[in-house]
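Student: I am new to this structure. Please take me through one part of it slowly, then show me what surrounds that part.

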Amino acid sequence: MRRLIRADLRRILAKPGFYICPVILLALFFYGLFGEPVDYDSYYANLDLQLSYILPFFVMLPVFTCVYGDELRSGTMIPAIGRGLSRTRVIVAKFIDTLLLSLAFCLFFLLTDMITFSRFSVVLTKIQAMRIYSAYAAAWLKIQGYCAFAAILCI
């Protein structure tokens, strides 16, 4: 199962189409860096909107289409089952792929937010930092729920 996960991740990370959504969000990030300075209160007011609607869409679109879309198109599950893996293990491997890729996306966007704060010299208190970390963790869990529900419909 480790080899299946490793092969899936190598295949997905080698696709240039996988990086379209992160590049769009990165362009928006750079646009925001050259705009007006941000403060924590205005940032946190928009964070709920961003993490509830925008981030799950821009994370699930490339992750889900690369993990499950390629599976539906190429049918790689059949050879994996033929090699001795059970269907359950293949499905769990696909879900682990979505966990890892979406975690990487969320950590990347959290890092860009921290760069924004350091760019505008905003010093966060421990409570403010924990609110931001917990908001990202909740968004990541929400993405996992969406992916698990959508995977039921695909497999």
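Which side chain meets that of K94 in a salt bridge, and what is the N to O distance?

Tutor: The partner is D8, and the N to O distance is 3.2 Å. Keep in mind that this is a predicted model.

Start with where the two residues sit. K94 belongs to helix α5, which covers residues 87-119, while D8 belongs to helix α1. The two are 86 residues apart, so the pair links distant parts of the chain. Both K94 and D8 are buried. For D8, the relative accessible area is 5%. That counts as buried because the cut-off is under 20%.

D8 has another partner. It also forms a salt bridge with R11, and here the closest N and O atoms are 3.1 Å apart. This pair stays within one helix: D8 and R11 both lie in α1, three residues apart, which is about one turn of the helix. R11 is partly exposed, at 28% relative accessibility. D8, in contrast, is buried.

Now put the pieces together. The salt bridges share partners, and they join D8, R11 and K94 into one network. A search of the whole structure finds two salt bridges.

Next, follow helix α1 itself. It runs over residues 2-13, and L13 lies in it. L13 is partly exposed, with 41% relative accessibility. Together with Y19 and V23, L13 forms a nonpolar patch on the surface. The accessible area of the three together is about 270 Å².

Helix α1 also takes part in a pocket. It gives the largest share of the lining of the second largest pocket, namely four residues. The volume of this pocket is about 240 Å³. Among the residues that line it are M1, R2, R3, L4 and R6. Others in the lining include A80, R83, G84 and L85.

R2 offers a way to judge distance. R2 and A27 are 25 residues apart in sequence, and their C-alpha atoms are 34 Å apart in space. A27 sits in helix α2, which spans residues 20-33. A27 is partly exposed, with a relative accessible area of 48%.

Stay in helix α2 for a contrast. C21 is found there too. C21 is 37 residues from F58 in sequence, yet the C-alpha atoms of the two are 5.7 Å apart in space. C21 is buried, at 9% relative accessible area.

C21 leads to one last check, on cysteines. Look at C66, which is buried at 4% relative accessibility. The closest cysteine sulfur to that of C66 is in C21, and it is 9.4 Å away. A disulfide needs the sulfur atoms within 2.5 Å, so this gap is too far for a bond. C147 is another buried residue, with a relative accessible area of 1%. The count of disulfides comes to zero.

To recap the part you asked about: D8 in helix α1 meets K94 in helix α5, and D8 also pairs with R11. D8, R11 and K94 make up one network.

Note on methods: Residues numbered from 1 in each chain as written. Predicted model: local features only at pLDDT ≥ 70, side-chain atom pairs only at ≥ 80, totals over all residues. Heavy atoms only, no water. Patch = residues over 30% accessible without salt bridge, like charges linked within 9 Å, V, L, I, M, F, W, Y side chains within 5 Å. Areas by Shrake-Rupley, 256 points an atom, 1.4 Å probe, with all protein chains shown as cover. Salt bridge = Lys/Arg side-chain N within 4 Å of Asp/Glu carboxyl O. Buried < 20%, exposed > 50% of the residue type's maximum accessible area, 1.4 Å probe, protein only. 1 Å grid on protein atoms, 1.4 Å probe; cavity = no way out; pocket = protein on both sides within 12 Å on 5 of 7 lines; lining within 4 Å. Points joined across faces, edges and corners; volume = space filled by probe spheres on them.
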